[in-house]
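Q: Could you take me through how to read some features of a protein model, one at a time? I would like the general idea each time and then the particular case.

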Amino acid sequence: MTVSPWTDTIKARKVLTIFATDAVKKDNVWFQVFKDSVAEFNRLSNSLKLGVTFSSPSDVKAPDPVGEGGAEVQFDFGNGLLEFQMQGDKITVMEDTKEGEPPKPLNFSPTALHGFTALARVSFVKGTPGKVRRAFIFVPPTPMVNAVRKVGPGPDDFRDAQRPAGPGIRKFITVHEFIHACGLSNAEHNSTGPNADTFTINPQLSTGTFDKPEDDKILLRVNFPNPNVVAPPNFIKKKVADLIINNWK
């Protein structure tokens, strides 16, 4: 896949309205992460002149499943099958499979440490590539990490235990998916190392202790003897910034 342009009307506005579902709004941790991530992406966009921002006004409506109304982007939880509706059709997200393999639905884990964004396209001229009209972002309701937990009085009484990821990791997941919603596919991902940023695939974790999820971070680059490169704060490097800028000209 390559970078996918949005429809000309939406590109001209330079703003994507985004709707958080009721499930997200009822989850205090995730809804705060959502609001913080919108603000953080917009700060990055203004600084880097990306040409697109997100807006989530209080009266924003869900994307119209039949017509053109409502938000351009929906932010929801994913668990199992990922489905959305557009132009009257119910669409199930499918896995990327190798040529010759039968298609099968994507099975999304509710404890994953990544999200998924489906870009829904429309074509105005038969036989021509479609342009993006909607984006449907799915995040795990309970992303889980391993963290060190003290289990006894002794100096060595520590064990790894699972707990929900803190807000730092959730913000990384969210801003990462916002970049996908701008039109970038998995093919544009960065890898860990010198060029790593918030659009990096399969980064390592740097978790806080069991009782300090607020210390959770994403480890993007081991930089010894200098400090490691971590997120948050989220940041976007030139390669990814240029892809977004060129897609929103």
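**Reading the model, feature by feature**

A: Let us begin with a single residue, bearing in mind that the model is predicted: alanine 39 is found in helix α3, which covers residues 28–48.

Q: Is alanine 39 buried, partly exposed or exposed?

A: The class follows from relative accessibility, with partly exposed lying between 20% and 50%. Alanine 39 has a value of 33%, and therefore counts as partly exposed. As for its place relative to another residue, alanine 39 and isoleucine 91 are 52 residues apart in sequence, while their C-alpha atoms are 30 Å apart in space.

Q: How many residues of strand β1 are buried, and which strands does β1 join?

A: In strand β1 (residues 15–20), 5 of the 6 residues are buried, so the strand is largely enclosed by the rest of the structure. Strand β1 runs parallel to strand β2 (residues 53–55), to which 3 bridges join it, and valine 15 has threonine 53 in β2 as its bridge partner. Another 3 bridges join β1 to strand β3 (residues 73–77), again in parallel, and there isoleucine 18 stands opposite valine 73.

Q: In what order do the strands of the open sheet lie, and what packs on that sheet?

A: A sheet is read across its strands, and here 3 strands follow the order β12-β13-β14 with antiparallel pairing. The edge strands, each pairing on one side only, are β12 (204–206) and β14 (229–231). On average, neighbouring strands of this sheet are turned by 45° against each other, direction ignored. Helix α4 (residues 167–181) packs on the sheet and touches β12, β13 and β14, its direction making about 60° with that of β13. Between β13 (residues 217–221) and β14 there are 3 bridges, and leucine 219 stands opposite valine 230 in β14.

Q: How many aromatic pairs are there, and why is the pair of tryptophan 6 and tryptophan 248 called tilted?

A: Ring pairs are classed by the angle between their planes, where 30 to 60 degrees is tilted. The count comes to 10 aromatic pairs. The rings of tryptophan 6 and tryptophan 248 have centres 6.3 Å apart and planes at 35°, so this pair is tilted. Tryptophan 6 lies in the segment before α1 and tryptophan 248 in the segment after α5, so the pair ties together parts 242 residues apart in sequence. Tryptophan 30 and phenylalanine 77, by contrast, form an edge-to-face pair, with 65° between the planes.

Terms used:
Residues are numbered from 1 along each chain as its sequence is written. This is a predicted model: local features need pLDDT of at least 70, side-chain atom pairs count only at pLDDT 80 or more; totals for chains, interfaces and linings use all residues. Side-chain values use heavy atoms; hydrogens and water are left out. Two strands pair if DSSP finds at least two bridges between them. Helices (H or I, at least four residues) and strands (E, at least two) are DSSP runs, numbered from the N terminus. Axes are lines fitted to C-alpha atoms, for helices over the stretch in contact, and angles run from 0 to 180 degrees between N-to-C directions. Contact means heavy atoms within 4.5 Å. Buried means under 20% relative accessible area, exposed over 50%, partly exposed in between (1.4 Å probe, protein chains only). Rings of Phe, Tyr and Trp (its six-membered ring) pair if their centres lie within 6.5 Å; planes under 30 degrees apart count as stacked, over 60 as edge-to-face and the rest as tilted.
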